[in-house]
Amino acid sequence: SFPELREITEYLLFFRVKGLRRIGQLFPNLVRIGGTKLFIDYSLVVHEMYNLQEIGLSNLTEISRGSVIITKNPSLCYVNTVNWDLIAKWDTLKNYVAKNKGALDCPGCQSTCPEGLCWSRTECQIQPESHCHPLCLGGCSGPGPRDCNSCVRLVTADNECVEHCPLGTYQHLNRRCITREECTAIDLPSGSSKGLRYHSSSGRAAKKYVVFNGTCIDSCPPGYEIDAAGTGCTACAGGKCQKWCAGQNIENIASAQILRGCTHIEGSLEISIKTGKPKIIFEELEENLGSIEEIEFYLKVARSIPIVNLNFLRNLTTIRGIHQLPVGYKGLGGGE
C-alpha cells in the first residue's frame with residue numbers, strides 16, 4: 001500500500017494483476033493523475049483485471065490530461081456509479097467504461113449519495129463542500145494553503161499551494177516549484193529525442209533538464225536551442241532551429257508527442273485519429289506538429305473524423321514527394 005501517494009504525474013495502468021480486489025487499497029489517498037505522458041490517449045487504464053471488484057479511489061478528484069478506459073473486468077462493480085466525466089474532463093468523448101460486471105448484478109449506492117454516485121456502498125463520489133483554501137484539491141486538514149491534500153495549481157518545496165512559483169524557483173511538470181540547481185540536475189527521460197537539446201555552435205548536447213522563461217523543461221521550445229552551458233535556451237540564428245525526425249503514423253496524442261518541435265520529417269506523415277473532441281485534437285496536434293516545415297515523402301490524413309482542417313500544420317511549406325502515396329490514394333504528395 002502507498003498511503004502517502006497523492007499524485008501521479010503521468011498515467012496509472014492496471015492489466016491482469018492477479019488477486020487485487022480494490023485499487024483503493026493500494027492508493028487510498030490518490031487525488032490527482034497528471035497525464036503529462038499518456039498511454040495512447042489515456043491516463044487511467046484498468047483492463048482485464050479478473051479479480052477486481054471495486055476501483056475504490058474515493059479521493060481521486062482530477063485527471064488533468066488524458067481520458068479513462070475501464071474494460072473487460074468481469075467482477076468489477078461500482079464503476080458505472082462513478083461519473084468519470086467529472087474527474088477526466090480533458091476529452092470526455094474518449095472516456096470509455098464497458099464490458100465489466102453488469103449493473104443489474106451489482107449493488108447500488110446509498111440513498112444519501114448525491115446524484116446516486118458512489119465508489120462503494122459506503123463512499124459517495126460527491127462529497128459535501130469543505131472549507132479548504134481555494135488552492136486546495138481533494139480535501140485538506142486545515143484552512144491554509146499548507147494544509148491541502150493536493151493543489152489546484154503549483155506546490156512549493158515546503159508543501160504550500162501557490163498560483164505562481166516564488167522568485168528564484170522554476171515550474172516543473174506544471175506542478176512543482178524547484179530551484180535552478182534542482183532543475184539542471186534532473187536526468188532527461190530515457191529514449192527521448194535529441195531535437196532542440198543541441199547547441200549548434202559549441203556542439204554541446206543537454207544531458208539534463210534546462211530552465212527557460214520561469215520553467216524547468218526537457219527541451220527548448222521552437223525557435224530556441226540549448227545554450228553553450230547546456231543549462232538553458234538561447235534563440236536560434238534567424239529565429240529558426242532545425243530538428244529532423246523520422247516519419248510517423250499518428251493514431252493518438254501519445255504518438256503525436258514524439259514529433260514535438262520537429263521541423264523536417266524524414267519520410268511520410270500519416271494521421272488517422274478516429275475519435276475525440278475536435279477542439280482538443282486540434283490543440284494537441286498544433287502543439288506537437290505545428291513546427292513541421294517540410295515532409296520528404298507524403299502527407300496522408302485518413303479516417304480522422306475529429307480533424308476538420310489542417311491549420312495545425314501552420315508552418316508546413318514543402319512536401320517533396322520523393323516517394324508518393326500508395327496506388328489508389330489521393331492526397332498531398334509533392335510540391336511546395
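**Exercise 1. What share of residues 261-322 is helix and what share is strand, and how far apart are the end C-alpha atoms?**

Solution. Start with the ground rules. This is a predicted model, where local features need pLDDT of at least 70, side-chain atom pairs count only at pLDDT 80 or more, and totals for chains, interfaces and linings use all residues. Residues are numbered from 1 along each chain as its sequence is written, and side-chain values use heavy atoms, with hydrogens and water left out.

Step 1: know the terms. Helices (H or I, at least four residues) and strands (E, at least two) are DSSP runs, numbered from the N terminus.

Step 2: read off the stretch. Residues 261-322 are 19% helix and 24% strand, with 23 Å between the end C-alpha atoms.

Step 3: see where the stretch comes from. An unreviewed UniProt entry lists residues 1-87 and 261-322 for "domain: Receptor L-domain". UniProt positions are given in the numbering used here, feature names are shortened, and annotations may be inferred rather than shown by experiment.

Step 4: look at the other stretch. Residues 1-87 are 5% helix and 24% strand, and their end C-alpha atoms are 23 Å apart.

**Exercise 2. Describe the chain as a whole.**

Solution. Step 1: count the elements. You'll find 4 helices and 22 strands in the protein chain.

Step 2: split the chain up. An automatic or database assignment sets the domain bounds, giving domain 1 (7-124), domain 2 (136-182), domain 3 (187-241) and domain 4 (244-319). The centres of domain 2 and domain 4, taken over C-alpha atoms, sit 34 Å apart.

Step 3: box it in. Along the principal axes, the C-alpha atoms fill a box of roughly 65 × 55 × 35 Å.

Step 4: check burial. Of the chain's 336 residues, 45% count as buried (under 20% relative accessible area; exposed is over 50%, partly exposed in between, with a 1.4 Å probe and protein chains only).

Step 5: look at contacts, meaning heavy atoms within 4.5 Å. Among contacts with a separation of 6 or more, 57% are between residues 24 or more positions apart.

**Exercise 3. Which residues have the most contacts inside the largest nonpolar core?**

Solution. Step 1: define it. A nonpolar core is a set of buried Ala, Val, Leu, Ile, Met, Phe, Trp, Tyr and Cys residues joined through side-chain atoms within 4.5 Å.

Step 2: name the residues. The largest core has 25 residues, and Ile23, Ile55 and Trp84 have the most contacts inside it.

Step 3: find the suppliers. Strand 2 (12-15), strand 4 (42-47), strand 6 (67-71) and helix 1 (84-87) each give this core at least two residues.

Step 4: zoom in on Ile23. Beyond its neighbours within four places in sequence, Ile23 is in contact with Phe14, Val46, Leu52, Glu54, Ile55 and Leu57.

Step 5: don't miss the other one. A second, separate core of 23 residues includes Ile250, Ile271, Phe312 and Ile319.

**Exercise 4. Is Ile295 buried or exposed?**

Solution. Step 1: place it. Ile295 lies in strand 20 (residues 294-295).

Step 2: check the accessibility. Ile295 is at 0% relative accessibility, so it counts as buried.

Step 3: list the company. Not counting residues up to four places away in sequence, Ile295 touches Ile265, Gly267, Ser268, Leu269, Leu316, Thr318, Ile319 and Arg320.

Step 4: try a charged-letter case, Glu284, found in helix 4 (residues 278-289). Glu284 has a relative accessible area of 7%, so it is buried. Outside its neighbours within four places in sequence, Glu284 is in contact with Arg65, Trp90 and Ile253. The C-alpha atoms of Glu284 and Ile253 are separated by 6.9 Å, with their positions 31 residues apart along the chain.

**Exercise 5. Why is the pair of Tyr11 and Phe39 called tilted?**

Solution. Step 1: recall the rule. Rings of Phe, Tyr and Trp (its six-membered ring) pair if their centres lie within 6.5 Å; planes under 30 degrees apart count as stacked, over 60 as edge-to-face and the rest as tilted. The structure holds 6 aromatic pairs.

Step 2: apply it. The ring centres of Tyr11 and Phe39 are 5.9 Å apart and the planes are at 55°, so this pair is tilted.

Step 3: place the partners. Tyr11 is in the loop between strand 1 (7-8) and strand 2, and Phe39 is in the loop between strand 3 (32-33) and strand 4, so the pair ties together parts 28 residues apart in sequence.

Step 4: check the surface. Tyr11 counts as partly exposed at 29% relative accessibility, and so does Phe39 at 33%.

**Exercise 6. Where does Asn213 lie?**

Solution. Step 1: Asn213 is in the loop between strand 14 (210-212) and strand 15 (215-217).

Step 2: Asn213 has a positive phi of about 50° although it is not a glycine. Most residues other than glycine have a negative phi.

Step 3: With a relative accessible area of 72%, Asn213 is exposed.
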